[in-house]
Amino acid sequence: MKPSPGNDPHAGQEDNAPTQRISAEDVRKLYDLNARMGFSFHGRETAFTAADRVFVMGRSTDCDLVVMVPVASRHHARVIYRKGKFILIDQSTNGTYVSIHGSEPICLLNGEEVPLVGEGVISLGRPIREGDPDLVAFQVPH
């Protein structure tokens, strides 16, 4: 016996839920381990690929990008690749400031995160100031 619309919990729902419409190619793009982005700090270029799993910035010499700024934490922030996006996550005491080209700067605190897109700059532990030599530039190719 077919349920009537009055007692069918799925009545009125579309058969085309988003998970049913995504193609296998689109799913592969979300988990593309060849995806890469670049960082530039004091004239030195560093690449991060999705296959690397995590990229850490901070004062500690074991970081992927060592930023010797007194207000930076030893392991200040990290970048991960999640579902097709590079995500910056603050893990500091003084916050991580991010300016994505064309947008107002934001401050991340206490584990907050933001996707990195296009290009911009990151400041560890202090607000972004034009001309600051300790800004970390980033670029995420389209």
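**Exercises on a six-stranded sheet**

In this predicted model, Ser 40 has Ala 137 of β11 as its bridge partner.

**Exercise 1.** State how many bridges join β1 to β11, and in which direction the two strands run.

Solution. Strand β1 covers residues 36-41, and strand β11 covers residues 136-140. Three bridges join them. The two strands run antiparallel.

**Exercise 2.** Give the strand order of the open sheet, then find which strands stand at its edges.

Solution. The order of the six strands is β2-β1-β11-β10-β7-β8, and the pairing is antiparallel. Strands β2 (44-49) and β8 (106-108) each have a single partner strand, so one side of each lacks a neighbour in the sheet. These two are therefore the edge strands. From one strand to the next, the twist averages 25°. As background, strands of a sheet pair through backbone hydrogen bonds, in parallel or antiparallel fashion.

**Exercise 3.** Place Thr 49 in a strand, decide whether Thr 49 is buried or exposed, and list its contacts beyond four places in sequence.

Solution. Thr 49 lies in strand β2. Its relative accessibility is 16%. Buried means under 20%, so Thr 49 counts as buried. Leaving out residues up to four places away in sequence, Thr 49 touches Leu 33, Ala 35 and Arg 36.

**Exercise 4.** Classify Cys 63 and Cys 107 by accessibility, and give the number of disulfides.

Solution. Cys 63 has 8% relative accessibility, so Cys 63 counts as buried. For Cys 107 the relative accessible area is 31%, which means that Cys 107 is partly exposed. The structure holds zero disulfides.

Technical notes:
Residues numbered from 1 in each chain as written. Predicted model: local features only at pLDDT ≥ 70, side-chain atom pairs only at ≥ 80, totals over all residues. Heavy atoms only, no water. Disulfide = S-S within 2.5 Å. Buried < 20%, exposed > 50% of the residue type's maximum accessible area, 1.4 Å probe, protein only. Pairing = 2+ DSSP bridges. Helix = DSSP H or I, 4+ residues; strand = E, 2+ residues; numbered from the N terminus. Axes fitted to C-alpha atoms, helices over the stretch in contact; angles between N-to-C directions. Contact = heavy atoms within 4.5 Å.
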